[in-house]
Structures are given as structure tokens and as C-alpha cells.
Amino acid sequence: MYRGAVLGLGNVAIHGHLPGWRGRRDVQIVAAADARASQRAECEAHLPGARWYDSPEALLDGEALDFVDVCTPPSSHAPLALRALDKGLHVLCEKPLVSSPHDLRRVAEARHRGRPGAAHRAQLAPRADPGADGRAHRAGRDRPRAAHRVGDPPGEAGGRRRRP
């Protein structure tokens with residue numbers, strides 16, 4: 001059983017991500033965090049038995065996990081993904097994965113240093129990939145519900161080559 005946590009417990013997490021996680025027999029969401037204390041009641045309602053943390057950082061420091069699902073505001077995606085990768089966790093992230101080419105390079109480099117993968121959930125989301133020159137290059141749009149792993153070659157989503 002994979003142990004996961006949700007970072008950011010807003011509408012996207014509650015109505016989009018949690019139903020998917022609850023439908024899996026091989027995953028247990030054991031903790032959640034949100035900077036808004038009011039979301040604790042949502043955690044208790046939607047994730048009975050999961051531990052609550054007042055910050056994503058406290059959760060990352062206090063839990064033994066296999067992965068995190070980042071559902072926080074976009075400006076926090078890269079720092080949280082990097083922190084989770086540094087802890088050896090797999091990272092799933094709401095779109096956009098990052099908000100700058102610099103952050104994209106940092107996350108891609110973290111993945112290539114032998115750390116677990118980082119992926120963003122793309123539902124017709126623009127995707128950017130680091131090219132051989134280290135710059136971010138736009139690589140089109142993913143198909144609905146495709147997951148793109150950071151560092152995959154352009155045109156590949158989830159490790160499979162898409163038809164033109």
C-alpha cells in the first residue's frame with residue numbers, strides 16, 4: 001500500500017484529487033496540510049483518520065510517505081516539489097508544475113539526480129520541457145488526464161509516445 005499526503009486542501013483537492021485517491025485500493029492518504037486552519041474540518045470530513053498539519057513543511061517533516069499530491073497555489077509548487085524530492089518522495093502536482101523556466105530546470109535536475117519522479121496532472125495544460133540547452137521549451141498540450149513526467153522528451157506523456 002502506497003502512503004500519500006495531500007498538500008493544500010482546497011476545492012481542487014477535495015473535489016478533483018481525493019475522489020480519485022479514494023477509488024484506489026493500493027493508495028492510502030494518511031495526512032493532509034493546508035495553511036488555512038479552516039480546512040481542518042474538510043480534512044476530517046473527507047479523509048477520516050488522516051493526520052492534519054498546519055503547513056506542508058510540517059507534514060513533510062513529520063510523515064513517512066511514498067508520495068505527495070501538491071494542490072497548493074502555483075507559486076508554491078516548485079518549492080514544495082523540491083522539498084519533497086529532497087526527502088525521496090514521488091511528487092504529483094496540480095498544474096502548472098512550475099511558474100518559471102528556472103524552476104523547471106531545478107525540478108528536472110532534481111529528477112535526474114536519481115531522485116523519485118515529479119509529475120504534473122495536465123488536463124489540456126500547456127507543457128514546457130527543458131531542452132538539451134537547459135532552456136525551457138514549449139512542447140504543446142497534453143491530452144486530457146495525461147500525466148507528464150518532468151524530464152521526459154518532448155512529445156511523451158507518462159512514458160508513452162503520442163501519435164502526431
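The exercises below work through a predicted model of one protein chain, each with a task and a stepwise solution.

Residues are numbered from 1 along each chain as its sequence is written, and side-chain values use heavy atoms, with hydrogens and water left out. Because the model is predicted, local features need pLDDT of at least 70 and side-chain atom pairs count only at pLDDT 80 or more, whereas totals for chains, interfaces and linings use all residues.

**Exercise 1. The chain as a whole**

Task: State how many helices and strands the chain has, and what percentage of its 164 residues is buried.

Solution. Begin with the secondary structure, which comes to five helices and 11 strands; these are DSSP runs numbered from the N terminus, helices being H or I with at least four residues and strands being E with at least two. Next take burial, where buried means under 20% relative accessible area, exposed over 50%, and partly exposed in between, with a 1.4 Å probe and protein chains only. On that criterion 43% of the 164 residues are buried. Then turn to contacts, defined by heavy atoms within 4.5 Å: of those between residues at least 6 apart in sequence, 53% join residues at least 24 apart.

**Exercise 2. Length and sides of helix 5**

Task: Compare the expected span of helix 5 with the distance between its end C-alpha atoms, and then locate its buried residues.

Solution. The expected span of a helix is 1.5 Å times one less than its number of residues. For the 12 residues of helix 5 (residues 101-112) this gives 16 Å, and the end C-alpha atoms are 16 Å apart, so the two agree. The buried residues of helix 5 are Asp103, Leu104, Val107, Ala108, Ala110 and Arg111. They cover an arc of only 155° around the axis, which puts them on the same side of helix 5, the arc being that of the directions from the helix axis to the C-beta atoms. As background, an α-helix has 3.6 residues a turn, so residues three or four places apart point the same way.

**Exercise 3. Salt bridges within and between elements**

Task: For the salt bridges Arg40 to Glu44, Arg51 to Glu63 and Asp61 to Arg83, give the N to O distances and place the partners.

Solution. A salt bridge requires a side-chain nitrogen of Lys or Arg within 4 Å of a carboxyl oxygen of Asp or Glu, and the structure holds eight of them.

1. Arg40 and Glu44 have their closest N and O atoms 3.7 Å apart. Being four residues apart in helix 2 (residues 40-46), they are separated by about one helical turn. Arg40 is partly exposed at 42% relative accessible area, whereas Glu44 counts as exposed at 53%.
2. The side chains of Arg51 and Glu63 meet at 2.6 Å, N to O. The pair links distant parts of the chain, with Arg51 in strand 3 (residues 51-53) and Glu63, 12 residues away, in the loop between helix 3 (56-62) and strand 4 (67-70). Arg51 is partly exposed at 37%, while Glu63 is buried at 11%.
3. Asp61 and Arg83 meet at 3.0 Å, N to O. Asp61 lies in helix 3 and Arg83 in helix 4 (residues 77-86), so the pair ties together parts that are 22 residues apart in sequence.
4. Finally, salt bridges that share partners join Arg3, Arg51 and Glu63 into one network.

**Exercise 4. Strand 2 and Val30**

Task: Describe the cover and pairing of strand 2, and list the contacts of Val30 beyond four places in sequence.

Solution. Strand 2 (residues 27-33) is mostly covered, six of its seven residues being buried. Strand 1 (residues 2-7) pairs with strand 2 in the parallel sense over six bridges, where pairing needs at least two bridges found by DSSP; Tyr2 stands opposite Val27 in strand 2. Val30, also in strand 2, is buried at 4% relative accessible area. Leaving aside neighbours within four places, Val30 contacts Arg3, Gly4, Ala50, Arg51, Glu63 and Leu65.

**Exercise 5. Helix 4 and two backbone details**

Task: Decide whether helix 4 is enclosed or open, and give the phi of Gly88 and the omega from Lys95 to Pro96.

Solution. Seven of the 10 residues of helix 4 are buried, so helix 4 is largely enclosed by the rest of the structure; the buried ones are His77, Ala78, Leu80, Ala81, Leu82, Ala84 and Leu85. Just after helix 4, Gly88 takes a positive phi of about 85°. The peptide bond from Lys95 to Pro96 is cis, with omega near -10°, and Pro96 sits in the loop between strand 5 (90-93) and helix 5. For reference, most residues other than glycine have a negative phi, and most peptide bonds are trans.
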